[in-house]
Amino acid sequence: MKRSLRRALWVGAVVAVTVATVPMASAFGAGSVTTSFTRVQDWGTGHETRVTITNGSDASVSTWRIEFELPSGTTIGSSWDADVTRTGNRYVAVKKSWAGALAPGASFSWGYNGTGPYRAPLNCTINGAPCGGGTTPPTTTAPPTT
(Lines give C-alpha, C1' and ligand atoms only; values in the text may rest on other atoms or scores of the structure.)
Protein backbone atom coordinates (compact mmCIF):
# COMPACT_ATOMS: atom_id res chain seq x y z
CA MET A 1 0.00 0.00 0.00
CA LYS A 2 1.31 3.43 -0.84
CA ARG A 3 2.44 5.69 1.97
CA SER A 4 -0.03 8.46 1.01
CA LEU A 5 -2.98 6.01 1.03
CA ARG A 6 -2.01 4.72 4.49
CA ARG A 7 -1.70 8.27 5.76
CA ALA A 8 -5.12 9.18 4.35
CA LEU A 9 -6.70 6.13 5.99
CA TRP A 10 -5.02 6.97 9.31
CA VAL A 11 -6.23 10.58 9.20
CA GLY A 12 -9.75 9.41 8.29
CA ALA A 13 -9.83 7.03 11.26
CA VAL A 14 -8.69 9.75 13.67
CA VAL A 15 -11.34 12.15 12.36
CA ALA A 16 -14.07 9.49 12.65
CA VAL A 17 -13.19 8.69 16.27
CA THR A 18 -13.04 12.39 17.17
CA VAL A 19 -16.43 13.12 15.59
CA ALA A 20 -18.01 10.14 17.39
CA THR A 21 -16.60 11.23 20.77
CA VAL A 22 -17.69 14.89 20.76
CA PRO A 23 -21.46 14.30 21.33
CA MET A 24 -20.74 11.84 24.13
CA ALA A 25 -18.38 14.27 25.90
CA SER A 26 -20.81 17.18 25.60
CA ALA A 27 -23.65 15.11 27.11
CA PHE A 28 -21.58 14.46 30.21
CA GLY A 29 -20.13 17.95 30.39
CA ALA A 30 -23.33 19.99 30.21
CA GLY A 31 -24.81 19.82 33.70
CA SER A 32 -25.40 16.83 35.87
CA VAL A 33 -28.05 14.63 37.43
CA THR A 34 -28.75 15.58 41.05
CA THR A 35 -30.76 14.18 43.96
CA SER A 36 -32.40 15.98 46.86
CA PHE A 37 -34.08 14.63 49.99
CA THR A 38 -37.03 16.57 51.45
CA ARG A 39 -38.68 15.93 54.79
CA VAL A 40 -42.42 15.77 54.10
CA GLN A 41 -43.53 14.78 57.61
CA ASP A 42 -41.81 14.02 60.90
CA TRP A 43 -43.81 12.67 63.82
CA GLY A 44 -40.86 11.82 66.07
CA THR A 45 -41.05 8.04 65.88
CA GLY A 46 -41.22 8.08 62.08
CA HIS A 47 -41.06 10.30 59.04
CA GLU A 48 -41.89 10.60 55.34
CA THR A 49 -39.20 11.65 52.86
CA ARG A 50 -39.49 12.65 49.20
CA VAL A 51 -36.44 12.02 47.02
CA THR A 52 -36.25 14.04 43.80
CA ILE A 53 -33.93 13.25 40.90
CA THR A 54 -33.38 16.16 38.51
CA ASN A 55 -31.73 15.84 35.11
CA GLY A 56 -29.66 19.01 34.68
CA SER A 57 -27.84 17.63 31.63
CA ASP A 58 -28.74 18.09 27.98
CA ALA A 59 -29.21 14.34 27.37
CA SER A 60 -31.88 11.88 28.51
CA VAL A 61 -30.96 9.62 31.42
CA SER A 62 -32.22 6.09 30.85
CA THR A 63 -31.58 4.81 34.36
CA TRP A 64 -30.46 5.97 37.77
CA ARG A 65 -29.01 4.41 40.92
CA ILE A 66 -28.87 6.28 44.21
CA GLU A 67 -26.67 5.01 47.04
CA PHE A 68 -26.77 6.56 50.50
CA GLU A 69 -26.50 5.83 54.21
CA LEU A 70 -28.95 6.69 56.95
CA PRO A 71 -27.66 7.62 60.40
CA SER A 72 -27.94 5.05 63.17
CA GLY A 73 -31.47 4.82 64.56
CA THR A 74 -33.08 5.70 61.22
CA THR A 75 -34.29 3.07 58.74
CA ILE A 76 -36.59 2.84 55.75
CA GLY A 77 -39.76 0.89 56.54
CA SER A 78 -41.50 1.22 53.17
CA SER A 79 -40.92 2.95 49.84
CA TRP A 80 -42.74 3.70 46.59
CA ASP A 81 -41.78 4.44 42.97
CA ALA A 82 -38.24 3.04 43.38
CA ASP A 83 -36.76 -0.39 44.13
CA VAL A 84 -34.88 -0.02 47.43
CA THR A 85 -32.50 -2.54 49.00
CA ARG A 86 -30.59 -2.33 52.27
CA THR A 87 -27.31 -3.62 53.63
CA GLY A 88 -26.74 -2.36 57.18
CA ASN A 89 -27.26 1.41 57.09
CA ARG A 90 -26.46 1.53 53.33
CA TYR A 91 -29.38 1.84 50.91
CA VAL A 92 -29.53 1.50 47.14
CA ALA A 93 -32.52 2.85 45.20
CA VAL A 94 -32.94 2.16 41.48
CA LYS A 95 -35.46 3.22 38.89
CA LYS A 96 -38.55 1.03 38.55
CA SER A 97 -38.74 -0.95 35.32
CA TRP A 98 -41.93 0.86 34.27
CA ALA A 99 -40.43 4.35 34.63
CA GLY A 100 -39.26 5.94 31.39
CA ALA A 101 -36.11 7.88 30.67
CA LEU A 102 -35.60 11.19 32.45
CA ALA A 103 -35.60 13.92 29.79
CA PRO A 104 -33.25 16.92 29.99
CA GLY A 105 -34.58 19.37 32.60
CA ALA A 106 -37.12 16.86 33.95
CA SER A 107 -37.51 15.59 37.52
CA PHE A 108 -38.79 12.37 39.05
CA SER A 109 -39.73 11.80 42.69
CA TRP A 110 -40.02 8.69 44.82
CA GLY A 111 -40.49 8.43 48.54
CA TYR A 112 -40.14 6.42 51.69
CA ASN A 113 -41.48 6.17 55.22
CA GLY A 114 -38.74 5.84 57.78
CA THR A 115 -38.54 4.80 61.39
CA GLY A 116 -37.13 7.24 63.89
CA PRO A 117 -36.94 11.00 63.45
CA TYR A 118 -35.91 12.42 60.06
CA ARG A 119 -32.16 12.65 59.58
CA ALA A 120 -30.48 13.71 56.37
CA PRO A 121 -28.84 10.89 54.39
CA LEU A 122 -25.04 10.65 54.28
CA ASN A 123 -22.53 9.77 51.54
CA CYS A 124 -25.10 10.06 48.75
CA THR A 125 -24.23 9.31 45.13
CA ILE A 126 -26.35 9.08 41.99
CA ASN A 127 -24.94 7.03 39.14
CA GLY A 128 -21.57 7.22 40.93
CA ALA A 129 -21.43 11.05 41.19
CA PRO A 130 -22.25 13.16 44.27
CA CYS A 131 -26.00 13.68 44.72
CA GLY A 132 -25.54 17.45 44.77
CA GLY A 133 -23.89 17.43 41.35
CA GLY A 134 -20.31 17.49 40.19
CA THR A 135 -17.93 14.90 38.89
CA THR A 136 -17.69 11.24 39.75
CA PRO A 137 -15.63 10.74 42.90
CA PRO A 138 -12.32 8.95 42.36
CA THR A 139 -12.38 5.20 42.91
CA THR A 140 -8.70 4.97 43.84
CA THR A 141 -6.46 7.00 46.06
CA ALA A 142 -3.34 8.53 44.59
CA PRO A 143 -0.13 7.04 45.97
CA PRO A 144 1.64 9.18 48.57
CA THR A 145 4.46 11.35 47.34
CA THR A 146 7.89 11.21 48.91
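In this predicted model, the largest nonpolar core comprises 20 residues, and those with the most contacts inside it are F37, I53, W64, I66, F68 and W110. Six strands, namely β1 (33-42), β2 (46-55), β3 (65-69), β6 (90-94), β7 (107-115) and β8 (122-126), each contribute at least two residues to this core. The surroundings of F37 illustrate how distant segments meet at one residue of the core: leaving aside residues up to four places away in sequence, F37 touches T49, R50, V51, I66, F68, Y112, Y118, P121 and C124.

Aromatic rings were examined next, and a search of the whole structure finds four aromatic pairs. One of them is formed by F37 and F68, whose rings adopt an edge-to-face arrangement with 5.1 Å from centre to centre and 70 degrees between the planes. This pair links distant parts of the chain, since F37 belongs to strand β1 and F68 to strand β3, 31 residues apart. F37 counts as buried because its relative accessibility of 19% falls under the 20% limit for that class, and F68 is likewise buried, with a relative accessible area of 0%. The rings of W110 and Y112 also pair, with their centres 6.0 Å apart and their planes at 40 degrees, so this pair is classed as tilted. Both W110 and Y112 are buried. In addition, F37 and F68 join Y91 in one aromatic cluster.

Y91 also has a place in the strand pairing of β6, where Y91 is the bridge partner of R86. Strand β5 (residues 83-87) runs antiparallel to β6, and the two are joined by five bridges. Together, β5 and β6 form a hairpin with two residues between them, and G88, located in the turn, has a positive phi of about 65 degrees.

Beyond this hairpin, the loop between β6 and β7 contains A101. In contrast to the buried aromatic residues described above, A101 has a relative accessibility of 52% and therefore counts as exposed, the threshold for that class being over 50%. A101 nevertheless has contacts with residues distant in sequence: with residues up to four places away not counted, A101 touches S60, V61, S62 and K95. The C-alpha atom of A101 is separated by 6.6 Å from that of T63, although these two residues lie 38 residues apart along the chain.

Terms used
Residues numbered from 1 in each chain as written. Predicted model: local features only at pLDDT ≥ 70, side-chain atom pairs only at ≥ 80, totals over all residues. Heavy atoms only, no water. Core = buried A, V, L, I, M, F, W, Y, C linked by side-chain atoms within 4.5 Å. Buried < 20%, exposed > 50% of the residue type's maximum accessible area, 1.4 Å probe, protein only. Helix = DSSP H or I, 4+ residues; strand = E, 2+ residues; numbered from the N terminus. Contact = heavy atoms within 4.5 Å. Pairing = 2+ DSSP bridges. Phe/Tyr/Trp six-rings, centres within 6.5 Å; stacked < 30°, edge-to-face > 60°.
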